[in-house]
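Hi,

Here is the structure I promised to pass on. Have a look at it first, and my notes on what turned up follow below.

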Amino acid sequence: MEGQIKHNLKKIILEQFNIDEDKLGKVDNLYLLGLMPRDVLRLVLYIENEYDIHFTENELVENKFDSIENIALVVSKHIQE
């Protein structure tokens with residue numbers, strides 16, 4: 001399941017942000033790809049809508065939403081609940 005979530009996250013990032021697909025395959029850190037904190041916030045909101053989940057304030061503070069890997073872990077936990 002986590003693999004599918006990562007695939008979907010990559011697709012969302014490519015569609016919503018001006019990221020080179022080659023860079024996305026080599027670098028997982030969203031900030032190194034050129035996303036700004038406000039972009040990551042937009043991504044989090046998009047993910048909440050896409051997966052019909054809601055991240056708690058604690059999750060947003062405790063978890064790093066700086067990589068596809070980290071976001072996929074948090075999304076996966078929500079889906080399994």
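Let me start with helix α3, since a good part of the rest hangs off it. Its 15 residues should span 21 Å at 1.5 Å a residue, and the end C-alpha atoms are indeed 21 Å apart, so the length agrees. Bear in mind throughout that this is a predicted model.

On the inward side of α3, the buried residues are Asp39, Val40, Leu43, Val44, Ile47, Glu48 and Tyr51. What do they pack against? The buried residues of α3 sit against α1, α4 and α5.

Two charged residues in that list deserve a look, and Asp39 has a partner. Arg42 forms a salt bridge with Asp39, with 3.5 Å between the closest N and O atoms. The two are about one helical turn from each other, because they are 3 residues apart in helix α3. Their surroundings are not alike: Asp39 has a relative accessible area of 12% and is therefore buried, while Arg42 comes out at 43% and so counts as partly exposed.

Arg42 also reaches another part of the chain. Setting aside residues up to four places away in sequence, Arg42 touches Gln16 and Phe17. Phe17 is 25 residues from Arg42 along the chain, and their C-alpha atoms are separated by 10.0 Å.

Just after α3 comes a small backbone oddity. Asp52 has a positive phi of about 55°, although it is not a glycine. Asp52 belongs to the loop between α3 and α4. Is Asp52 buried or exposed? With a relative accessible area of 71%, Asp52 is exposed.

Now for the whole thing. The protein has 5 helices and 0 strands, and along the sequence the pattern reads α-α-α-α-α. For 81 residues, a compact globule would have a radius of gyration near 12 Å; the protein has 12 Å, so the two agree. If you want the outline, the C-alpha atoms fill a box of roughly 35 × 25 × 20 Å along the principal axes. Of the 81 residues, 37% count as buried. As for how the chain comes together, take the contacts between residues at least 6 apart in sequence: 56% of these join residues at least 24 apart.

The other helix I spent time on is α5 (68-80). The 13 residues of α5 should span 18 Å at 1.5 Å a residue, and its end C-alpha atoms are 18 Å apart, so this one agrees with expectation as well. Buried in α5 are Ile68, Ile71, Ala72, Val74, Val75, Ser76 and His78. These buried residues pack against α1 (2-16), α2 (21-26), α3 and α4.

How many salt bridges does the structure hold? There are 2. Besides the Arg42 and Asp39 pair, Lys6 forms a salt bridge with Glu69, and there the closest N and O atoms are 2.7 Å apart. That pair links distant parts of the chain, with Lys6 in helix α1 and Glu69 in helix α5, 63 residues apart. Lys6 has 25% relative accessibility and so counts as partly exposed. Glu69, at 31%, counts as partly exposed too.

Last, the residue I would most like you to look at: Asp66. You'll find Asp66 in the loop between α4 (57-62) and α5. Which side chain of opposite charge is nearest to Asp66? It is Lys64, 5.0 Å away, and Asp66 is buried yet has no salt bridge. For a salt bridge, the side-chain nitrogen would have to be within 4 Å of a carboxyl oxygen, so Lys64 does not qualify. Asp66 does have a polar partner, though: a contact of 2.8 Å joins the side chains of Asp66 and Asn70. Leaving aside neighbours within four places in sequence, Asp66 is in contact with Asp28, Asn29, Leu30 and Tyr31.

If you only open a few views, I'd pick the Arg42 and Asp39 pair in α3, the Lys6 and Glu69 link between α1 and α5, and the buried Asp66 with its contact to Asn70.

Cheers

Conventions. Residues numbered from 1 in each chain as written. Predicted model: local features only at pLDDT ≥ 70, side-chain atom pairs only at ≥ 80, totals over all residues. Heavy atoms only, no water. Contact = heavy atoms within 4.5 Å. Helix = DSSP H or I, 4+ residues; strand = E, 2+ residues; numbered from the N terminus. Buried < 20%, exposed > 50% of the residue type's maximum accessible area, 1.4 Å probe, protein only. Lys, Arg positive; Asp, Glu negative; His and termini not counted. Polar contact = N/O pair within 3.5 Å; in protein donor to acceptor, adjacent residues only side chain to side chain. Expected span 1.5 Å × (residues − 1). Rg over C-alpha atoms; globule rule 2.2 N^0.38 Å.
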